[in-house]
Amino acid sequence: MPPTDASTNAGTVPVSDIGIATSPGTRESSIDTAAGKDADSEDTLDLRLPDEFVALFGDGPDAVGQRSLSGLGTVAPSSVLPIADDLLDCVADWGPIRTPAGALHLAPVRVGRDLPIISQWMNDPAVAAFWELGGPQAAAEEHLWSQLSGDGRSVPCLGMLEGTPMSYWEIYRADLDPLARHYPARPHDTGLHLLIGSVGDRGRGLGGTLLRAVADLVLDRRPACARVVAEPDIRNTPSIAAFLSAGFRFSAEVDLPAKRAALVVRDRSLRYLL
């Protein structure tokens, strides 16, 4: 999945079961169509704007001001204003979780430490086809800084399985993302983008296993979140299959600025049934 979001440009799930990429191909551009029409009947529109969204456009000293907003460019890390509330409930404090494949820890990205391996993964042809961040390290570096210098709506993480880096994740507030213009978003909807780095880790069910574990982690750590969503490229059948095996349900096909995507949803109310 190629990156396309204003806050993250993230998105890719496996290629071959999540080698994958859930392309972030929707967050950085302007949007013109609402996908609610095709959405599952359960996805009803909630017209109440999240408090965090309203705060972004406030007039006080804590308002966005110089922060980087979707489509408005990147703000250098040194000029980012402090954020009063963590929009994703402190991902850095979530800690490791047990999965059938071993202990998984989502470690927030540190560019100096993680750029080489993330750039290497982005240059894998199967990944580059959807993330579109292949080439010199500068491409991946710019993408990472666009995530890190934002207002906290997206947190890029390195997935450490039993202490070994093997995946790249982006956890983001889907209800505060341009994606929300394409489907009937609800307050605190949380999105996932995933890329599994090693070819050897793809095509054997690992993607679905980790997606289920991380989706459940989001629901456990974010009590206000009722749904975890993702929008893999409709052409990325291994990625879509991984999400479905992880308990996500197919909701609709949506036209995003950079791709036609499959909107998939994991509902808190159904987590023990699927």
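Here are four short exercises with worked solutions on this predicted model.

**Exercise 1. Thr99 and its surroundings**

Task: Find where Thr99 sits, decide whether Thr99 is buried or exposed, and list what Thr99 touches.

Solution:
- Step 1. Start with the backbone: Thr99 belongs to strand E1, which covers residues 97-99.
- Step 2. Now look at accessibility. Buried means under 20% relative accessible area. Thr99 has 9% relative accessibility, so Thr99 counts as buried.
- Step 3. Set aside the neighbours within four places in sequence, and the contacts of Thr99 are Leu104, Leu161, Leu210 and Ala213.
- Step 4. Check the side chain for polar partners: one of its polar atoms lies 2.7 Å from the backbone oxygen of Gly102.
- Step 5. Finally, compare sequence with space. Thr209 is 110 residues from Thr99 in sequence, yet their C-alpha atoms are 7.4 Å apart.

**Exercise 2. Where H5 meets H6**

Task: Work out how helices H5 and H6 are oriented to each other, and which residues meet.

Solution:
- Step 1. Pick out the two helices: H5 spans residues 206-221 and H6 spans residues 237-245.
- Step 2. Take their axes, which come within 8 Å and cross at roughly 50°. Because of that angle, H5 is oblique to H6.
- Step 3. For handedness, the crossing of H5 and H6 is right-handed.
- Step 4. List the residues on each side. H5 brings Gly207, Gly208, Leu211 and Arg212, and these meet Ala242, Phe243 and Ser245 of H6.
- Step 5. Sort the residues by class: the contact of H5 with H6 has three nonpolar, three polar and one charged residues.

**Exercise 3. A buried arginine**

Task: Locate Arg173, judge its accessibility, and find polar partners for its side chain.

Solution:
- Step 1. Arg173 is part of strand E4, residues 164-173.
- Step 2. Its relative accessibility is 1%, so Arg173 counts as buried.
- Step 3. Look for a backbone partner: the backbone oxygen of Leu87 is 2.9 Å from a polar atom of the Arg173 side chain.
- Step 4. Then look for a side-chain partner: Arg173 and Asp175 are joined through their side chains by a polar contact of 2.8 Å.

**Exercise 4. A residue in a loop**

Task: Place Ala258 in the fold and classify its accessibility.

Solution:
- Step 1. Ala258 lies in the loop between strand E7 (249-256) and strand E8 (259-267).
- Step 2. The relative accessible area of Ala258 is 45%, so Ala258 is partly exposed.
- Step 3. For its position relative to Asp233, the two residues are 25 apart along the chain, and their C-alpha atoms are separated by 9.3 Å.

Technical notes: Residues numbered from 1 in each chain as written. Predicted model: local features only at pLDDT ≥ 70, side-chain atom pairs only at ≥ 80, totals over all residues. Heavy atoms only, no water. Helix = DSSP H or I, 4+ residues; strand = E, 2+ residues; numbered from the N terminus. Buried < 20%, exposed > 50% of the residue type's maximum accessible area, 1.4 Å probe, protein only. Contact = heavy atoms within 4.5 Å. Polar contact = N/O pair within 3.5 Å; in protein donor to acceptor, adjacent residues only side chain to side chain. Axes fitted to C-alpha atoms, helices over the stretch in contact; angles between N-to-C directions. Parallel < 35°, antiparallel > 145°, perpendicular 65-115°, else oblique. Left-handed = near helix turned anticlockwise from the far one by under 90°. Nonpolar A, V, L, I, M, F, W, Y, C, P; charged D, E, K, R; others polar.
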